[in-house]
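Subject: Structure handover

Hello,

Here is the structure for you to look at. My notes follow below it.

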Amino acid sequence: MTGFGKHSFQVKNKNYTIEIKTLNSKQLDLTLRIPPEFRPLEPTIRKIMSSALERGKVDVAIYAENCFDYLPFDEKTLLKYVSYFKKLSESQSIHSDPLLAALRMPDLFSSPISEDFSTDEIFLIESEIFQCVSSVITHRKEEGQSLKTEFQRALGEIKKLLSQIEPYEQSRIAHVRSKLMSNLKSLGDECSFDTNRFEQELIYYLEKMDFTEEKVRLASHLNYFETTMENEASCGRKLNFIAQEMGREINTLGAKANHAEIQKIVVQMKDELEKIKEQVLNVL
């Protein structure tokens, strides 16, 4: 959601510069800093920003400065002030520049041009704002493409790690069975047990350790994340929810693993998932 746009234009002998900066945020958090003459247009500007940028921390600043080829300047009044300050300076023996003193007078500059914008001028201002917003959206899209590449890499890595678990699954079950039998035998000859009951309990125990469902669901979430990323616009919140579900499956898989090599794979999965969670906050 980070982006930046800057655009300049001229209306009523004034130069205006628009700057729009966007950062990450769950909702639209819009801050406007505009000249007084733009106050009547504030609802329109807010509407443009909310519809085009949707969400994020948006900072909009519009700066104004007078064009130097036009100055609302009253020359007759200036000459009167200069003459007055010159006489005052001579009569009071004050060493000062009459011109500098005259230029400080508040009524020297007039505003013959109305600050109210015409319909055509409002249309021009809106189109200029849209151009600046377009620059922000372009910046966002460029960042989004980079994020997409990173997501695809991380998803592919988790899928690869998931496939690496399979070779350890059978050896894990054999290891658990062997360990239980070894513990029973270590109790000595005086310890006797029902072999059939032992097999039943072992099956029950191994069923609780089985993480086939977690693997299937994790694979499904990985595909769903990729499909959503490819086919849906403004899917940041949805991708975040999917990433949370992926985390639940990976955590459960790790809790049931009971195998050193599988635990290592789970840690690697978590590392890749954290990278996804960090970056998904940047998605609109």
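A cut-off to begin with: a residue is buried under 20% relative accessible area, exposed over 50%, and partly exposed in between. Glu54 has a relative accessible area of 40%, so Glu54 is partly exposed. Please keep in mind that this is a predicted model.

**Overall**

The protein has eight helices and four strands. From the N terminus on, the order is β-β-β-α-β-α-α-α-α-α-α-α. The protein has 284 residues, and 34% of them count as buried.

**The hairpin**

Strand E1 covers residues 3–11 and strand E2 covers residues 14–23. The two run antiparallel, and nine bridges join them. One pairing to look up: Ser8 has Thr17 in E2 as its bridge partner. Two residues lie between E1 and E2, and the strands form a hairpin. Lys12 sits in the turn, with a positive phi of about 50°.

**Positive phi elsewhere**

Some background first. Most residues other than glycine have a negative phi. Two loop residues are worth a look against that.

- Glu54 has a phi near 65°, a positive value, and is not a glycine. Glu54 lies in the loop between H1 and strand E4 (56–66).
- Ser234 is not a glycine either, yet its phi is positive, at about 50°. The loop between H6 and H7 holds Ser234. With a relative accessible area of 39%, Ser234 is partly exposed.

**Salt bridges**

How many salt bridges does the count come to? It comes to 20. Here are some of them.

Arg46 and Glu42 form a salt bridge, with the closest N and O atoms 3.2 Å apart. Both are in helix H1 (residues 42–53). They are four residues apart there, so about one helical turn separates them. Arg46 is partly exposed, at a relative accessible area of 34%.

Glu226 and Lys159 also meet through their side chains in a salt bridge, at 3.1 Å from N to O. This pair links distant parts of the chain. Glu226 is in helix H6, Lys159 is in helix H4, and 67 residues separate them. Glu226 counts as partly exposed because its relative accessibility is 27%. Lys159 is partly exposed too, with a relative accessible area of 31%.

Glu245 and Arg248 form a salt bridge with the closest N and O atoms 2.5 Å apart. Both belong to helix H7 (residues 236–257). Why are Glu245 and Arg248 separated by about one helical turn? Because they are three residues apart in H7. Glu245 counts as partly exposed at 32% relative accessibility. Arg248 counts as partly exposed at 44%.

There is a network as well. Glu150, Arg153, Asp271, Glu272 and Lys275 are joined into one network by salt bridges that share partners.

**The largest pocket**

The largest pocket has a volume of about 560 Å³. Its lining is made up of 22 residues. Which of them lie nearest the centre? They are Arg140, Lys141, Gly144, Val283 and Leu284. Helix H4 (119–185) and helix H6 (212–231) are the elements that give two or more residues to the lining. H4 gives the most, with nine residues.

H4 and H6 come up twice in these notes. They contribute to the pocket lining, and the salt bridge between Glu226 and Lys159 runs from H6 to H4.

**A nonpolar surface patch**

Leu99, Leu100 and Leu103 form a nonpolar patch on the surface. Together they have about 250 Å² of accessible area. Leu103 is in helix H3 (residues 98–103). Leu103 counts as partly exposed, because its relative accessibility is 35%.

**If you only open a few views**

- The pocket, with Arg140, Lys141, Gly144, Val283 and Leu284 nearest its centre.
- The network of Glu150, Arg153, Asp271, Glu272 and Lys275.
- The E1 and E2 hairpin, with Lys12 in its turn.
- The patch of Leu99, Leu100 and Leu103.

Best wishes

How values were computed: Residues are numbered from 1 along each chain as its sequence is written. This is a predicted model: local features need pLDDT of at least 70, side-chain atom pairs count only at pLDDT 80 or more; totals for chains, interfaces and linings use all residues. Side-chain values use heavy atoms; hydrogens and water are left out. Patches are made of residues with over 30% relative accessible area and no salt bridge: like charges are joined within 9 Å, nonpolar side chains (Val, Leu, Ile, Met, Phe, Trp, Tyr) within 5 Å. Accessible areas come from the Shrake-Rupley method with a 1.4 Å probe; for residues, only the protein chains shown count as cover. A salt bridge is a side-chain nitrogen of Lys or Arg within 4 Å of a carboxyl oxygen of Asp or Glu. Buried means under 20% relative accessible area, exposed over 50%, partly exposed in between (1.4 Å probe, protein chains only). Two strands pair if DSSP finds at least two bridges between them. On a 1 Å grid over the protein atoms alone, a cavity is a set of points where a 1.4 Å probe fits but cannot get out, and a pocket is an open set with protein on both sides within 12 Å along at least five of seven lines; lining residues have an atom within 4 Å of a point. Grid points are joined across faces, edges and corners, and a volume is the space filled by probe spheres set on the points.
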